Amino acid sequence: MANHYDANDITVLEGLDAVRLRPGMYIGSTGQSGLHHILWEIVDNAIDEASNGFADKIDVRIHKDGSVSVEDNGRGIPTDIHPKMKVSAVQVVFTQLHAGGKFDEHNYSFSGGLHGVGASVTNALSEWLKVEVYKGGKTYFMEFHSFYNEEKKKFESGIPVAPLKDTGKKTDKHGTRIQFLPDKNVFSTTEIQLSKVSHRLKELAFLNKGLTITLTDERITKNEFEAGSGNDDAMQLDLMGATEPYSVTYCYEGGIADFASYLNADKTALYPKPLYYSGERDGILVEFAVQHTKEYSENLFSFVNNIPTPEGGFHEMGFRAGLTRVLNDYARDNKLLKEKEANFLGDDFREGLTAVLSIKMKNVQFEGQTKTKLGNPEARSPVEGCTVEGLKSLANEAKNKKSFDEIIKKAHDAARVRIAARQAKETARAKNSIDNLTLVGKLAACSGKKAELNELFIVEGDSAGGTAKQARVRQFQSILPLRGKPLNVEKKRLDQVLANEEIRTMISALGAGIGNDFNLDKLNYHKVIILSDADQDGFHIRCILLTFFFRYMRPLVNAGHVYIGMPPLYKVYRANNSVVEYAYDDDELQEKIEKVGRGYLIQRYKGLGEMSAEQLWETTLDPMRRNLTQVTIEDAVAADNVISMLMGDKVDGRKEFLNLNANFNKQDAFMGRVKLKKENGDEEE
């Protein structure tokens with residue numbers, strides 16, 4: 001190794017080279033989420049035009065060659081020469097990081113893309129990108145390519161083919177059309193998922209009242225889609241009114257009020273229409289829609305400048321505080337709360353609540369594990385003020401009296417249950433002798449004291465649990481066997497949840513509490529691994545446990561601490577065990593048979609209990625060889641819908657979903673919109 005080190009050894013990454021070299025810094029990963037991220041960057045630019053009143057139509061089209069185009073009818077990217085860069089503004093936008101019109105509030109009052117890297121990053125990570133700008137009756141065009149430069153012996157990203165030109169085509173359109181082809185040299189897959197795009201565009205249409213968003217997928221026709229051929233991500237998309245090729249239009253004149261109704265489609269609402277309000281205070285626009293159901297969990301979906309904030313933040317704090325204050329005042333003023341009775345707690349009013357909160361503000365600051373938590377403390381007071389003002393005005397309308405009375409009645413029931421469950425809740429969350437007693441004879445605890453290194457396997461059945469205890473490494477792996485199927489918490493109140501012995505045991509083992517008292521800092525294990533049989537009962541147990549974690553320990557899922565252990569379905573081997581291979585599904589079985597060769601034998605595992613400790617270790621517990629999958633919630637709205645549909649009381653939606661999607665031969669066919677991330681970094685849906 002040379003000791004010489006001077007200025008010649010310093011590498012300067014020019015233009016978009018940095019993006020190409022370290023894409024994860026800009027889009028998170030080069031898997032599915034990163035692939036769709038470069039689409040969202042372009043979509044967000046179009047949405048910003050709409051949010052600021054300059055556009056009312058957006059067309060997104062997935063083309064047969066795998067490219068995607070986004071067209072809006074906004075103002076169009078400026079086409080004149082940039083005074084400093086001496087090239088067109090279009091070229092600046094697509095070739096310079098941190099270049100855009102969103103740093104100046106004169107152009108955009110509110111923006112989801114604040115850092116100016118979106119369009120240029122998409123260009124850098126595409127094989128090619130084409131831009132058409134419709135402005136002043138003219139059509140302008142520019143094209144960019146990424147390629148390996150033989151002369152310079154380097155890869156060049158997003159290089160202009162030629163300067164921006166006036167094509168000579170006259171048009172009465174205005175706006176921008178961008179089409180790009182994701183680079184297969186960057187991404188592990190370049191296949192855009194229709195379901196993922198559909199969910200996000202539908203959400204954006206809800207959040208932007210009156211905006212028309214059209215989604216077209218030229219890769220499939222309606223008949224092909226309904227037949228389920230050629231498209232593995234066939235989730236509950238809107239086939240009603242779809243044309244060939246598959247195309248749908250989203251437009252909601254009711255905005256987030258329609259959003260709340262959509263979220264409650266598989267639930268029983270306490271009053272027919274959501275309560276909706278929009279207002280402005282201290283330069284912050286606030287919209288909210290609330291509707292209570294007969295369910296028991298709270299579902300608050302918040303957004304800042306159209307960006308989901310699943311980790312909450314100061315806007316949610318303000319909303320919850322305002323909601324509690326107004327509803328307590330209403331109960332007092334209307335004699336629904338006796339003089340000597342204590343005020344309701346916020347939890348009482350939020351039981352069964354579905355709420356959508358959308359704010360628009362300047363100078364947004366995000367924080368949290370996934371940068372999806374609003375960190376602006378100045379947002380709390382205006383949001384609380386608008387919530388108080390809005391709910392008071394709604395309560396004063398005679399047509400809403402019955403709705404508010406139903407909310408107070410629901411709160412009364414919740415308060416009674418809360419008081420009755422207090423002792424059980426304290427018992428469940430406290431680290432004392434009672435908690436430890438619940439784990440005696442159940443949890444085979446590890447000896448390690450560092451939570452970040454420890455793993456908890458929640459195992460189906462005592463038989464498999466016994467084998468797992470023999471197979472584990474006791475220094476960092478704990479085993480918790482479940483006796484029978486756990487409780488489906490989707491249909492139960494908190495007191496019923498806490499009364500269930502298996503649930504209490506899990507709460508005690510994890511040590512971080514439950515519900516609003518859940519505290520990640522007290523978590524005993526940074527890997528919580530569900531280990532169930534690869535059959536329908538095993539999949540059902542997965543669903544039940546994931547429902548419990550999603551409803552009562554959501555930060556556990558958001559932080560990426562929940563995993564699925566993927567046991568093999570088959571062992572393929574020779575009689576003398578000189579060659580042994582494991583297959584995790586029917587497709588892989590044929591590959592393993594060919595690999596083992598002539599004279600192969602097959603063992604089909606009907607359950608974990610059929611495995612020896614050695615086999616369970618080498619296939620499922622050994623960190624170096626196991627097929628472990630991380631569960632994270634990429635789309636909380638879609639996840640909530642799927643859980644309500646699969647685990648709730650309404651049967652029709654569940655039957656339709658299962659008929660369309662159920663495939664119990666696949667290891668990952670259990671939760672729909674849950675994002676799975678394998679330990680090696682690959683992603684799948």
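Student: In what order do the five strands of the open sheet lie?
Tutor: This is a predicted model. The sheet is open and its pairing is mixed. Its order is β10-β11-β14-β12-β13.

Student: Which are the edge strands?
Tutor: An edge strand here pairs on one side only. Two strands fit, one at residues 275-281 and the other at 307-308. They are β10 and β13.

Student: Which residue in β13 stands opposite Val 304?
Tutor: Strand β12 covers residues 299-304. Two bridges join β12 to β13, and the strands run antiparallel. Opposite Val 304 stands Ile 307.

Student: What angle does the direction of helix α8 make with that of β11?
Tutor: Helix α8 spans residues 256-263 and packs on the sheet. It touches β10, β11, β12 and β14. With the direction of β11, that of α8 makes about 30 degrees.

Student: And what angle does the direction of helix α9 make with that of β12?
Tutor: Helix α9, residues 314-333, also packs on the sheet. Its contacts there are with β11, β12 and β14. The angle to β12 is about 130 degrees.

Student: How many helices and strands does the protein have?
Tutor: The sheet described above uses five strands. The protein as a whole has more to count: 22 helices and 26 strands.

Student: What percentage of the residues is buried?
Tutor: Buried means under 20% relative accessible area. The protein has 685 residues. The buried share is 54%.

Student: What share of the accessible surface belongs to carbon and sulfur atoms?
Tutor: The accessible surface comes to about 31000 Å². Carbon and sulfur atoms account for 48%.

Terms used
Residues numbered from 1 in each chain as written. Predicted model: local features only at pLDDT ≥ 70, side-chain atom pairs only at ≥ 80, totals over all residues. Heavy atoms only, no water. Helix = DSSP H or I, 4+ residues; strand = E, 2+ residues; numbered from the N terminus. Buried < 20%, exposed > 50% of the residue type's maximum accessible area, 1.4 Å probe, protein only. Areas by Shrake-Rupley, 256 points an atom, 1.4 Å probe, with all protein chains shown as cover. Pairing = 2+ DSSP bridges. Contact = heavy atoms within 4.5 Å. Axes fitted to C-alpha atoms, helices over the stretch in contact; angles between N-to-C directions.
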